[in-house]
Amino acid sequence: MLKILTVLLLCALGAPPAIAGAWLRDHKTVFTAIKTTVRGSKKVPLENENSFYLEYGFTPFLTLGADFNEIRNKSAHALVFARLPLGRSDRRTRYAVELAAGTHRFQGNWHPMYKAAFAVGRGFQSRWGNGWIAAETAYEVRTGLPDPTIKLDAVAGLSSGWLVRPLLKIETAYVPDRPFGWSITPGVMFDIGESTWVIGLEHRSARKKTYGITFGLWRNF
């Protein structure tokens, strides 16, 4: 049972870059993100987590995408998703729902996986530059495992202004009748050419606390 819990929490804490679920992608544009994280502690051997994320503005009111995440030799998932807006898209505060389906790997076997999410986001202006704050709650079902995972994640960051901009992500995961899992990752973003690079320091607590460093690359097309 402890092994099942560990896999669930590690999978659930892998969130899309910057929690983009409150905003739709512009029509016929593409966003991609890759990320790698190395984490461990005195009691936990080093592990490597890699992810790939893609969004495409299929119509002005529908964003399609894919999300792949793998913790080497432990777990993985691969999902395709559709995001739809709730309410008017010209409001400063945005709302959206997301439905996803795909597969996850557990104990060497692949099983169906499903996800439903609700997101809210708001842009803001400050004397340091423009920024955004967003939150997303999700309900995930991984067949082959006994319980669903409930997630609540939040992010805040600056999108303009400083050359090196701050970013803060908080991710949580709850499995009924199991310990609460969370991670907090303060980081920075900076642009090189048309790409945005992201570096963060992760503190995670599931069954055991770990510390890690993350590297990400975002690109709009």
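I count two residues as in contact when they have heavy atoms within 4.5 Å. Worth remembering too: this is a predicted model.

**Entry 1: Leu217**

I started with Leu217, which sits in strand S12. I skipped its neighbours within four places in sequence and looked up what else it is in contact with: Thr32, Ala33 and Ile34, plus Ser195, Thr196 and Trp197. I then checked Ile34 by C-alpha position. It is 183 residues from Leu217 along the chain, yet the two C-alpha atoms are separated by 5.4 Å.

Is Leu217 buried or exposed? Neither, as it turns out: I noted it as partly exposed because its relative accessible area is 25%, and buried would need under 20%.

**Entry 2: the nonpolar patch**

Next I went over the surface. Which residues make the nonpolar patch there? I wrote down Val38, Leu46, Leu163, Val164, Val188, Ile199, Leu201, Ile213 and Phe215, with an area of about 800 Å². Strand S11 (195-205) and strand S12 (209-220) are the elements that each give two or more residues to the patch.

I picked Val38 for a second look. This residue lies in strand S1. Its relative accessibility is 39%, so I have Val38 down as partly exposed.

**Entry 3: the core**

From the surface I moved inside. In soluble globular proteins, nonpolar side chains tend to be buried together. Here the largest nonpolar core has 14 residues, and I found that Trp132, Leu167, Met189 and Trp218 touch the most other members. Which elements give two or more residues to this core? My list reads strand S1 (30-40), strand S4 (75-86) and strand S7 (129-142).

**Entry 4: S5, S6 and S7**

Last job was to follow the strand pairing from S5 through to S7. Strand S5 (residues 93-106) pairs with strand S6 (residues 109-126) in the antiparallel sense, and I have 14 bridges for that pair. The two form a hairpin with two residues between them. In the turn I stopped at Gln107, which has a positive phi of about 55°.

How many bridges join S6 to S7? I got 14, with the strands again running antiparallel. A hairpin makes this link as well, through two residues.

To tie the three strands together I used Gly121 in S6 as my marker. Arg94 stands opposite Gly121, and Gly121 also stands opposite Ala134 in S7.

Notes:
Residues numbered from 1 in each chain as written. Predicted model: local features only at pLDDT ≥ 70, side-chain atom pairs only at ≥ 80, totals over all residues. Heavy atoms only, no water. Core = buried A, V, L, I, M, F, W, Y, C linked by side-chain atoms within 4.5 Å. Buried < 20%, exposed > 50% of the residue type's maximum accessible area, 1.4 Å probe, protein only. Helix = DSSP H or I, 4+ residues; strand = E, 2+ residues; numbered from the N terminus. Pairing = 2+ DSSP bridges. Patch = residues over 30% accessible without salt bridge, like charges linked within 9 Å, V, L, I, M, F, W, Y side chains within 5 Å. Areas by Shrake-Rupley, 256 points an atom, 1.4 Å probe, with all protein chains shown as cover. Salt bridge = Lys/Arg side-chain N within 4 Å of Asp/Glu carboxyl O.
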